[in-house]
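Here is a short briefing on one protein chain. Keep the sequence and the 3D view side by side as you read.

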Amino acid sequence: MAAQQQHAHGTVAPRAGHEQYTCPVCGNAVDTLVRRRKSLGIFVPQWGPGPCRNPDCPRHVA
């Protein structure tokens, strides 16, 4: 899909109706990543914050 981008650790996906994650160090908005985990034989989505893209932040990922 054009709206989703693949990353090494998960898929960037919008979360309609939910607040956006922020970097705990610099406070800038970060992408929301969805990962899969297996529970009782099925894959369940697990939402979480993505890497920080601010080049001045110590937690920056290129």
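Helices (H or I, at least four residues) and strands (E, at least two) are taken as DSSP runs and numbered from the N terminus. On that basis, the elements of this chain run β-β-β-β from the N terminus on. The model is a predicted one.

**Overall make-up**
- The chain holds four strands and zero helices.
- Of its 62 residues, 23% are buried.
- About 4800 Å² of the chain is exposed, and carbon and sulfur atoms supply 52% of that area.
- Take the contacts in the chain with a separation of 6 or more: residues 24 or more positions apart account for 27% of them.

**The E3–E4 hairpin**
- Strand E3 covers residues 32–39, and strand E4 covers 42–49.
- E3 and E4 pair in the antiparallel sense, over eight bridges.
- One bridge partner to look up is that of Lys 38: in E4, this is Phe 43.
- Two residues lie between the strands of this hairpin.
- Leu 40 takes a positive phi there, near 55°.

**Rings and charge**
- Phe 43 also has a charged residue over its ring: Arg 36 lies over the face, at 4.0 Å from the ring centre.
- A search of the whole structure finds zero aromatic pairs.

**Gln 46, in strand E4**
- Gln 46 sits in strand E4.
- Is Gln 46 buried, partly exposed or exposed? Its relative accessible area is 41%, and the partly exposed class runs between 20% and 50%, so Gln 46 is partly exposed.
- Leaving out residues up to four places away in sequence, Gln 46 touches Leu 33, Val 34, Arg 35 and Arg 37.
- Leu 33 is 13 residues from Gln 46 in sequence, and the two are 8.2 Å apart in space, C-alpha to C-alpha.

**Asn 54, after strand E4**
- Asn 54 is in the segment that follows strand E4.
- Why does Asn 54 count as buried? Its relative accessibility is 18%, and buried means under 20%, so Asn 54 falls in that class.
- Which residues does Asn 54 touch, not counting those up to four places away in sequence? They are Cys 26, Asn 28 and His 60.

**Two residues to compare in the view**
- Gln 46 is partly exposed, whereas Asn 54 is buried.
- Gln 46 has its place in strand E4, and Asn 54 has its place in the segment after E4.

Note on methods:
Residues numbered from 1 in each chain as written. Predicted model: local features only at pLDDT ≥ 70, side-chain atom pairs only at ≥ 80, totals over all residues. Heavy atoms only, no water. Buried < 20%, exposed > 50% of the residue type's maximum accessible area, 1.4 Å probe, protein only. Contact = heavy atoms within 4.5 Å. Pairing = 2+ DSSP bridges. Areas by Shrake-Rupley, 256 points an atom, 1.4 Å probe, with all protein chains shown as cover. Phe/Tyr/Trp six-rings, centres within 6.5 Å; stacked < 30°, edge-to-face > 60°. Lys NZ or Arg CZ within 6 Å of the ring centre and 35° of its normal.
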